[in-house]
Each structure stands twice: as C-alpha cells, then as structure tokens.
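Please open the model in the viewer and keep the sequence panel visible beside it. The tour proceeds by selection, with a short account of what is found at each stop.

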Amino acid sequence: EREQSEKEKRRAEAERKAKIEEEVEKVKRRRDEREKEQAWMEEEKARMARESEEAQHCEWESKADEFHLEQARLRAKIRTTEGRAKPIDIFAKNLMDDDGDVELAEPYTLFRNLTLAALEELQQDVEQHRSLDHKNAEFWEAMAHVCEDEIHSAKVRSERERAGDVDATAAIEEEIAGTFVDKSWSELKEQEEEVKNGVRDNMLDPEFGQQVLAQLKTALAKAKLKDIHAGILRTKLARLEGDLAQAAMAYDPSAAKEEAQVEGGGSELD
C-alpha cells in the first residue's frame, strides 16, 4: 500500500507538472498571439497612415496642377487680349470653358510656317500643358507627337538646304503621306495593322515598312486631334444653341412692345 501510495503521489505530481506546463504553454501562445495581433495592428495603422499621406499628397499635387494650369490659361488670355498670343495660346483656346472665343482651324494646321526656334519653344509649352492638363491628356499626347515630328522635319529641311541637296527620301515621304489623305483615325489604324502584317510576313521591305509606320504614327496623331477638335466644336455649338433657345423662350413680345411704347412716349415728352 505504501508503494502504491508513492506511485499515486508521483503520478499526481507528474500530472500537476504537466498541467502547469500546459498552462505555461497556453500563456506563451496567448502572448505570442497578442504580440502578432499587436504587430499586425501596428502594421495596419502604418499602412493606413501611408495611404492617407499618399492620398493627401496626390490631392495636393492635383490642386497644384490645377492652379498652375489656371495660371497658364490666364497668361494665355492676357497675351491674346493684348495681341501677342503665342502658338500654344491658340492650341489651348478651345480647351478652355469659354464659348465666346473659338478657334476653328484644326490644331495641327497651326504648325505651318513656324520656324525651328518657334517649334522648339512650342514643344516646351506643350510639355508643360501635358504635365498639368490631365483632363485633356489625349489631346496633348497627340500634340506632343505632331510637334516632335514637325521639329524633326524642320531640321531635315534645314540640313538639305545647307547641303544644297535634293533628297529622294523627301519625294518618297510625300508619296507615302499622300496615301493618308482624308482617312479617318480608324482607317489609318487599319492601314497601320496592314503594314505591320506586311513587314512581319516579309511582304514589305522592312526599312520601307518602318518608314511608313513612322509617318502613320504622325498621321494617327493628327487624325486624333481632328476628332477631338470636331467634338469640341460640336459641344460649343450645342451650348450656344441651348443659350439661344433659352433666350428665345424667355423673350416676351408684349413686354418688349410696352417697353418700346414707353420709350416712344418718353421721347415725345422730351
């Protein structure tokens, strides 16, 4: 019995130790879980703080861009009013919410007769608007490409004139450009795909194909500008027609007649 009692004591002690160890393990697990949860919460707070800061920074950048764009447009209006408008002022005119002053000429046609220096200055102005006017990003993207192409063409012409050389490439370029005349953006896009397929399938000379694709890129940019310009004019015309319709509805012939009679009577008394 005494031996049995000792065994029970040892078993009870072992069970007690096991329970203590189990409790200790539970405490350690809970502590580890709390630490992990705390770390996750700290990380989540940091992430939310970063996102909030980034959102505030983006909002600040957006407001800063809007301010600088508004200042650029204000300077453009002042220059135009004073009769010293820069090419960029004419390009940007239709993008402003001002129905009183509309530029009818398609944007890319205004590059004609600009000197190389004027084109390079215009390129800087276009890039400035491109970085600020996100609402009209597609317009400025196309403008940037056409401007770059015009600068390249002006430099090539200048080099040919200095060398007194007549480059056969110029005639080829004119012939290629002739195939783009009066084509819509979607038609030019189809033509671009055909040329790419022709080069890929060895149906076209690679060098000639790349030359065509380079000119097609410019033609696509001009077609995009043409579409945007037409859309702007339609919008401005619709607003103008709406204003005229409202004015016509508000017009009261009887009131106008009474006013005319009053004015007539007044002149007789005078």
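Begin by selecting glycine 209, which is found in helix H7; helices here (H or I, at least four residues) and strands (E, at least two) are DSSP runs, numbered from the N terminus. The model is a predicted one, in which local features need pLDDT of at least 70 and side-chain atom pairs count only at pLDDT 80 or more, whereas totals for chains, interfaces and linings use all residues. Residues are numbered from 1 along each chain as its sequence is written, and side-chain values use heavy atoms, with hydrogens and water left out.

**Glycine 209 and its surroundings**

Glycine 209 has a relative accessible area of 0% and is therefore buried; buried means under 20% relative accessible area, exposed over 50%, and partly exposed in between (1.4 Å probe, protein chains only). Display Val195 and Val199 next, since glycine 209 is in contact with both when its neighbours within four places in sequence are left aside. Contact means heavy atoms within 4.5 Å. Then add lysine 196: its C-alpha lies 7.5 Å from that of glycine 209, with the two positions 13 residues apart in sequence.

**Glutamate 192**

Move to glutamate 192, whose place is in helix H6. Is glutamate 192 buried or exposed? Its relative accessibility is 10%, so glutamate 192 counts as buried. Not counting residues up to four places away in sequence, glutamate 192 touches Leu213, Leu216 and Leu220.

**The whole protein**

Zoom out to the full chain. The protein has 8 helices and 0 strands. Of its 270 residues, 24% are buried. Among the contacts with a separation of 6 or more, 68% are between residues 24 or more positions apart.

**The nonpolar cores**

Which residues have the most contacts inside the largest nonpolar core? Select Phe111, Leu122, Val126, Phe139, Trp140, Met143 and Leu225, which hold that place in a core of 24 residues. A nonpolar core is a set of buried Ala, Val, Leu, Ile, Met, Phe, Trp, Tyr and Cys residues joined through side-chain atoms within 4.5 Å. Colour helix H2 (87-93), helix H3 (116-132), helix H4 (137-163) and helix H7 (206-250), the elements that give two or more residues to this core. H4 gives the most, with 9 residues.

Centre the view on leucine 225. Apart from residues up to four places away in sequence, leucine 225 touches Pro107, Tyr108, Phe139, Ala142, Met143 and Val146. A second, separate core has 11 residues, including Val199, Val212, Leu216 and Ala223.

**The H3 and H4 pair**

Isolate H3 and H4. Two packed helices are described by the angle between their axes and the distance between the axes. H3 and H4 pack at an angle of about 160°, with their axes 10 Å apart; axes are lines fitted to C-alpha atoms, for helices over the stretch in contact, and angles run from 0 to 180 degrees between N-to-C directions. H3 is therefore roughly antiparallel to H4, a term for angles over 145 degrees.

Show the side chains at this contact. On the H3 side, select Leu116, Leu119, Glu120, Leu122, Gln123, Val126, Glu127, His129 and Arg130; they meet residues of H4 that include Trp140, Met143, Cys147, Ile151 and Lys155. The contact of H3 with H4 divides into 10 nonpolar, 2 polar and 7 charged residues (Ala, Val, Leu, Ile, Met, Phe, Trp, Tyr, Cys and Pro count as nonpolar, Asp, Glu, Lys and Arg as charged, and the others, Gly among them, as polar).

**Two loop residues with positive phi**

Most residues other than glycine have a negative phi. Select asparagine 113, in the loop between H2 and H3, where phi is positive at about 70°. Asparagine 113 counts as exposed because its relative accessibility is 81%. Continue to aspartate 182, in the loop between helix H5 (168-178) and helix H6 (185-200). Aspartate 182 also has a positive phi, near 65°, and is exposed, with a relative accessible area of 73%.

**Last stop: alanine 230**

Finish in helix H7 at alanine 230, which is partly exposed, with a relative accessible area of 28%. Add leucine 104: the C-alpha atoms of alanine 230 and leucine 104 are separated by 9.2 Å, although the two residues are 126 apart along the chain.

How values were computed. Angles under 35 degrees count as roughly parallel, over 145 as roughly antiparallel, 65 to 115 as roughly perpendicular and the rest as oblique.
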